[in-house]
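Work through these exercises with the structure open beside you. Try each task before you read its solution.

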Amino acid sequence: MNQEMAAPENQLGGTIPHFSVRLSPTPRGARLARLLTEQQLRTWGLPLEAPTQIVAELAANAATHGRVPGRDFQLLLYVVGGVLRIEVTDTRGDRLPRLTTPAEDGESGRGLMLVAALADRWGVTEGRHPRKTVWAEVALPTPRSGPDSPR
């Protein structure tokens, strides 16, 4: 199995915060991915805005460009070493996303530009045929300590 595709708890030999769900490759599934991400991040006490927007874009791409009728896409979130890793896996490994400059008057093509702007790192990993995983990493703020920090 590709290391990028292995479950995070299997890669690191311990329990780490993670959330995984399979969703239908539809606009409704993409919306649910965003809502579930927001709720999970809130539960973990993590920043919401950038990661939720990244998930919205990657899930929308999975529902639009990675859609294969009858096959779900998977959302995986996990935290390791102060980094939130977001992975969206779909079953259109033949359609790898590319960062392009959209036409000024174009109505689409800006999603990956937004992901690139919000994430500290992002990329694509080809999985077991026919899968691919588009991932993004967001560095989490370090907890403040001292007399002024919240308790």
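**Exercise 1. The buried residues of H4**

Find which residues of H4 are buried in this predicted model, and describe how they are arranged.

*Solution.* Step 1: pick out the buried residues. In H4 these are Gly 111, Leu 112 and Val 115.

Step 2: look down the helix axis. The buried residues of H4 fall within an arc of 90 degrees, so they line one face of the helix.

Step 3: see what lies against that face. The buried residues of H4 pack against H3, strand S4 (121-126) and strand S5 (132-139).

**Exercise 2. One residue of H4**

Decide whether Leu 114 is buried, exposed or partly exposed, and list its contacts beyond its sequence neighbours.

*Solution.* Step 1: place the residue. Leu 114 sits in helix H4.

Step 2: apply the cut-offs. Buried means under 20% relative accessible area, and exposed means over 50%. Leu 114 has a relative accessible area of 31%, so it is partly exposed.

Step 3: leave aside neighbours within four places in sequence. Leu 114 then contacts Gln 53 and Glu 57.

Step 4: check the spacing. Leu 114 and Gln 53 are 61 residues apart along the chain, yet 8.4 Å separates their C-alpha atoms.

**Exercise 3. H3 against H4**

Describe how the axes of H3 and H4 cross, and name the residues that meet.

*Solution.* Step 1: recall what is needed. Two packed helices are described by the angle between their axes and the distance between the axes.

Step 2: take both values. The axes of H3 and helix H4 (residues 111-118) come within 9 Å and cross at roughly 150 degrees.

Step 3: classify the angle. Angles over 145 degrees count as roughly antiparallel. H3 and H4 are therefore roughly antiparallel to each other.

Step 4: give the hand. The crossing of H3 past H4 is left-handed.

Step 5: list the partners. From H3 come Ala 50, Gln 53, Ile 54, Glu 57, Leu 58 and Asn 61. They meet Gly 111, Leu 112, Leu 114, Val 115 and Leu 118 of H4.

**Exercise 4. H3 and its cover**

Give the span of H3, then its buried residues and what covers them.

*Solution.* Step 1: take the span. H3 has 16 residues and reaches 22 Å from its first C-alpha to its last. That is close to the 22 Å expected at 1.5 Å a residue.

Step 2: list the buried residues. They are Pro 51, Thr 52, Ile 54, Val 55, Ala 56, Glu 57, Leu 58, Ala 59, Ala 62 and Ala 63.

Step 3: name the cover. It includes H2, S2, S3, H4 and S5.

**Exercise 5. H2 and its two sides**

Which residues of H2 are buried, and which are exposed?

*Solution.* Step 1: locate the helix. H2 covers residues 27-44, 18 residues in total, and reaches 26 Å from its first C-alpha to its last.

Step 2: list the buried residues. They are Gly 29, Ala 30, Ala 33, Thr 37, Gln 40 and Leu 41. They cover an arc of only 105 degrees around the axis, which puts them on the same side of H2.

Step 3: turn to the other side. Pro 27, Arg 28, Arg 31 and Thr 43 are exposed there.

Step 4: recall a helix rule. An α-helix has 3.6 residues a turn, so residues three or four places apart point the same way.

Step 5: name the cover. The buried residues of H2 are covered by elements including strand S1 (18-23), helix H3 (49-64), strand S2 (73-80) and strand S3 (83-90).

Step 6: test one residue. Gln 40 has 15% relative accessibility, so it counts as buried. Not counting residues up to four places away in sequence, Gln 40 touches Phe 19 and Leu 77.

Step 7: see what comes next. Gly 45 follows H2, and its phi is positive, near 75 degrees.

**Exercise 6. H2 against H3**

State the angle, axis distance and hand for H2 and H3.

*Solution.* Step 1: H2 and H3 pack at an angle of about 155 degrees, with their axes 8 Å apart.

Step 2: H2 and H3 are therefore roughly antiparallel to each other.

Step 3: their crossing is right-handed.

**Exercise 7. The whole chain**

How many helices and strands are there, and in what pattern?

*Solution.* Step 1: the protein has four helices and five strands.

Step 2: along the sequence, the pattern is α-β-α-α-β-β-α-β-β.

Step 3: of the 151 residues, 38% are buried.

Terms used. Residues numbered from 1 in each chain as written. Predicted model: local features only at pLDDT ≥ 70, side-chain atom pairs only at ≥ 80, totals over all residues. Heavy atoms only, no water. Helix = DSSP H or I, 4+ residues; strand = E, 2+ residues; numbered from the N terminus. Expected span 1.5 Å × (residues − 1). Buried < 20%, exposed > 50% of the residue type's maximum accessible area, 1.4 Å probe, protein only. Arc of directions from axis to C-beta. Contact = heavy atoms within 4.5 Å. Axes fitted to C-alpha atoms, helices over the stretch in contact; angles between N-to-C directions. Parallel < 35°, antiparallel > 145°, perpendicular 65-115°, else oblique. Left-handed = near helix turned anticlockwise from the far one by under 90°.
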